[in-house]
Structure formats: C-alpha cells, structure tokens
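Visitor: Got a minute to go through this one with me? I'd like to start at the ligand.
Guide: Sure. Here it is.

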Amino acid sequence: MVDTTSLSAAPLPLPDLYARVSHHILPMEWPALAGDIEAILSLKHERNAVILAHNYQTPEIFHTVADIVGDSLALAREAATTDADIIVVAGVHFMAETAKLLNPNKTVLIPDSKAGCSLAESITAEDVRKLRAQHPGVPVVTYVNTSAAVKAESDVCCTSGNAKKVIESLGVSKVIMLPDEFLAQNTAAQIPGVEIITWAGHCEVHERFTAEDIRSVRESYPDVVVLVHPEAPPEVVAEADFAGSTAGMIDFVGQKRPGRVALVTECSMSDNVAVEYPEVEFVRPCNLCPHMKRITLPNIRKALELRQHEVLIDPTLAARARIAVERMLAVR
Ligand code: 13P
Ligand code: SF4
C-alpha cells in the first residue's frame with residue numbers, strides 16, 4: 001500500500017528505482033533523469049534534508065526521491081514530526097507554508113515558488129474578516145489549500161480527509177467553510193444537522209469533471225469502480241462509488257483491490273498508485289494540475305544545491321495561523 005512511510009527507508013539502488021517507474025519512463029529517457037536522482041539522493045544525505053511529496057507529483061519524483069508521500073493531511077502530520085534540518089516540499093506553495101508553520105525553526109524549501117493553487121488564490125484574509133462580520137460568532141473552518149494569512153483569520157483548518165470530523169468536533173449547528181464550495185457542499189451532505197456557509201472557490205482541476213464524464217466511463221467499462229475527489233462538483237460525487245481525499249482513494253484501492261478503477265482526480269495519481277497495484281487496471285479520466293507540475297527533478301536538485309526558494313512567514317501572522325493548523329491536527 002502507498003502510505004506515508006513506505007518510501008522513507010534507505011534509497012534503493014538506481015536500477016531498482018528504475019524498475020518502479022519503468023511503466024512510465026522509457027529506458028532511453030532514464031539516463032537523463034538518473035543524474036538528477038543520484039544528485040538529489042546524495043544532497044539529501046549531506047544536508048539532512050527530507051522531501052515531502054504530494055500524491056499528485058510525477059512518478060519519477062514520487063517513486064525515487066521522496067521520503068514521505070501522502071495527501072495534504074499526511075504531509076502536514078509528517079512535517080510536524082520530522083527531525084530533518086531542511087524540508088523540501090514537492091507540492092504546492094500552501095503545503096510548504098503549512099510545513100513552515102509547523103517547523104518555524106527549520107528551513108523549508110519549495111523548488112518553484114510559483115507553484116500555487118486556484119483555491120488558495122480564491123480568497124484573501126480581508127474576505128474572511130468580512131464574512132466573519134456578516135456571520136458573527138459562526139466558526140470559520142478553512143481548507144488547508146489557503147495562504148497562511150487566510151489561516152490566521154480562521155478558527156480551525158481541515159483537509160478533504162478530515163473535513164467532516166473537524167466540523168463535528170466543533171459541536172455547532174452552523175459553520176463557515178472556506179474556500180472550496182464543492183468540498184463544502186459535499187461535506188454538508190454528510191452532516192445534515194450542520195448548516196455550512198460556503199465560498200465560491202474551486203479547484204481548477206476537479207471543477208472540470210462532469211457527471212456526463214462518469215456516465216461515459218461507465219458506459220465504456222460497465223464493471224469500473226469510480227473514485228472521485230470531493231473537490232469535484234456534488235453531481236460528479238453523486239455518480240461515484242466512493243469519494244475521498246487522495247489518500248482515501250489509495251486506501252480504497254489497497255483494501256478493495258477492484259479489477260478496474262477510475263480515479264477521477266489529477267493525472268499523476270493513477271500513475272503512482274498503479275506502480276503498487278499492477279493487477280488493477282486504471283481507467284484514466286485525467287486533468288492535469290499545472291501548479292503541481294511546476295515541480296521537477298531538476299528544480300528539486302537546484303533547491304537543495306542552492307537552498308532555494310525558502311518559505312518565510314511573518315512570525316506574528318504565523319503564530320495565529322499555526323493555532324488553526326494545530327487545532328486540526330489535534331482532531332483524530
Ligand atoms: P488531498 O491530497 O488532501 O486529497 O488534496 C488534494 C489536492 O488537490 C491538493 O492540492
Ligand atoms: Fe490546487 Fe486543485 Fe492543483 Fe490541488 S489540484 S493544487 S487544489 S489547483
């Protein structure tokens with residue numbers, strides 16, 4: 001099973017690493033990648049660095065140089081416990097900021113500082129202050145896909161893996177849930193007793209899937225099991241067999257071992273999970289996240305060589321944002 005610990009042991013020799021990605025990388029392409037991989041492995045060792053990689057990273061990152069892989073929640077949890085001096089986040093900027101919030105005294109690097117997120121872009125700290133003024137006393141639950149400034153205005157964070165639990169932990173009948181409208185609507189459907197005030201932010205990858213896409217996959221493959229990420233619109237989730245975070249989808253495949261599965265999410269997920277489950281056939285309705293794809297082996301190598309691009313957060317703001325993240329991590 002792909003989990004947050006499976007890749008954290010001593011690195012495999014290069015031929016074994018190639019074996020892991022040989023379904024995606026031709027033998028003729030490997031030499032060009034192998035140089036960067038070898039350099040990254042030795043730089044990590046020299047600098048006591050760790051690489052956290054999100055499930056949407058490409059297989060040549062996910063299966064060769066990453067120490068910890070997982071969904072946003074697992075990466076936050078692992079970031080909170082690492083004893084490395086340097087954390088390189090192979091993911092997007094909000095993930096690197098979360099790692100920094102949890103490690104104010106460590107160096108956190110992101111290989112491309114432009115690796116953003118349409119959800120994080122959809123809302124500002126000022127927007128949250130205005131919403132609070134419109135709904136006095138209503139707690140603000142903020143998806144981790146936001147800036148540290150937005151987290152600082154929030155009561156508690158959540159991810160797609162724990163949104164229901166986080167809201168239930170508040171024991172209230174009304175919350176503001178930001179900024180992903182679809183995640184909020186999909187979560188509201190699971191907690192009918194709680195009114196959820198939403199914001200009109202969307203993930204540019206998942207908002208493009210339609211219910212018709214799912215129906216057409218089922219028409220072509222009547223036995224397919226369809227797993228959908230809850231950042232997709234509710235009518236897409238309604239067509240699925242299961243909706244969950246990227247780790248939730250991976251666990252589903254690991255536990256149920258469907259003969260044929262469609263992961264309705266970012267393209268690299270199927271590539272990464274297929275390595276672990278060669279007996280499962282992956283149908284690939286696939287949208288690419290341009291932000292995740294900014295991270296490459298060459299820029300990870302450069303980040304380690306030059307200690308760039310360091311993520312820094314104003315300490316006063318960070319102290320407030322950290323409270324919301326730590327409250328989330330305390331919910332089990
Ligand atoms: P999770 O990995 O937490 O499900 O998040 C998906 C995502 O879109 C992250 O940007
Ligand atoms: Fe943001 Fe969507 Fe890309 Fe995740 S997949 S980083 S939510 S735009």
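Visitor: How far is the side chain of glutamate 231 from an oxygen atom of ligand 1?
Guide: 3.2 Å, counted from an N or O atom of the glutamate 231 side chain. Keep in mind that this is a predicted model.

Visitor: Noted. And threonine 246?
Guide: An N or O atom in the threonine 246 side chain sits 2.5 Å from an oxygen atom of ligand 1.

Visitor: What about serine 160?
Guide: Serine 160 has a polar side-chain atom 3.1 Å from an oxygen atom of the ligand.

Visitor: How many residues surround ligand 1, and which are the closest?
Guide: 13 residues surround ligand 1. His54, Ser72, Ser160, His229 and Thr246 are the closest.

Visitor: Switching topic. How is the protein split into domains?
Guide: The domain assignment gives domain 1 as 15-115 + 292-306, domain 2 as 120-203 and domain 3 as 211-283.

Visitor: How many residues does each side bring to the contact between domain 1 and domain 2?
Guide: Domain 1 brings six residues and domain 2 brings eight. The centres of domain 1 and domain 2 are 29 Å apart, taken over C-alpha atoms.

Visitor: How much area is buried between domain 1 and domain 2?
Guide: About 620 Å². Carbon and sulfur atoms give 68% of that area.

Visitor: Which three residues of domain 1 supply the most?
Guide: Leu73, Phe94 and Glu97. Together they supply 65% of the area that domain 1 buries against domain 2.

Visitor: How many salt bridges and polar contacts are there between domain 1 and domain 2?
Guide: Zero salt bridges. One residue pair is in polar contact, with both residues at pLDDT 80 or more.

Visitor: Which helices supply the domain 1 side?
Guide: Helix 4 (72-79) and helix 5 (93-102) each supply at least two residues of the side that touches domain 2. Helix 5 gives the largest share, four residues.

Visitor: What's the residue mix on that side of domain 1?
Guide: Three nonpolar, two polar and one charged.

Visitor: Back to salt bridges. How many does the structure hold?
Guide: The structure holds 18. One pairs the side chains of arginine 132 and aspartate 155, at 3.0 Å from N to O.

Visitor: Where do arginine 132 and aspartate 155 sit?
Guide: Arginine 132 is in helix 7 (residues 125-134). Aspartate 155 is in the loop between helix 8 (148-152) and strand 6 (156-158). The two are 23 residues apart, so the pair links distant parts of the chain.

Technical notes
Residues are numbered from 1 along each chain as its sequence is written. Chains are lettered from A and ligands numbered from 1 in the order in which they are written. This is a predicted model: local features need pLDDT of at least 70, side-chain atom pairs count only at pLDDT 80 or more; totals for chains, interfaces and linings use all residues. Side-chain values use heavy atoms; hydrogens and water are left out. Domain bounds come from an automatic or database domain assignment. Contact means heavy atoms within 4.5 Å. Buried area is the accessible area (1.4 Å probe) that two parts lose on being put together, summed over both. A salt bridge is a side-chain nitrogen of Lys or Arg within 4 Å of a carboxyl oxygen of Asp or Glu. A polar contact is a pair of N or O atoms within 3.5 Å; within protein, one must be able to donate a hydrogen and the other to accept it, and residues adjacent in sequence count only if both atoms are side-chain atoms. Ala, Val, Leu, Ile, Met, Phe, Trp, Tyr, Cys and Pro count as nonpolar, Asp, Glu, Lys and Arg as charged, and the others, Gly among them, as polar. A residue is near a molecule or strand if one of its heavy atoms lies within 4 Å of it.
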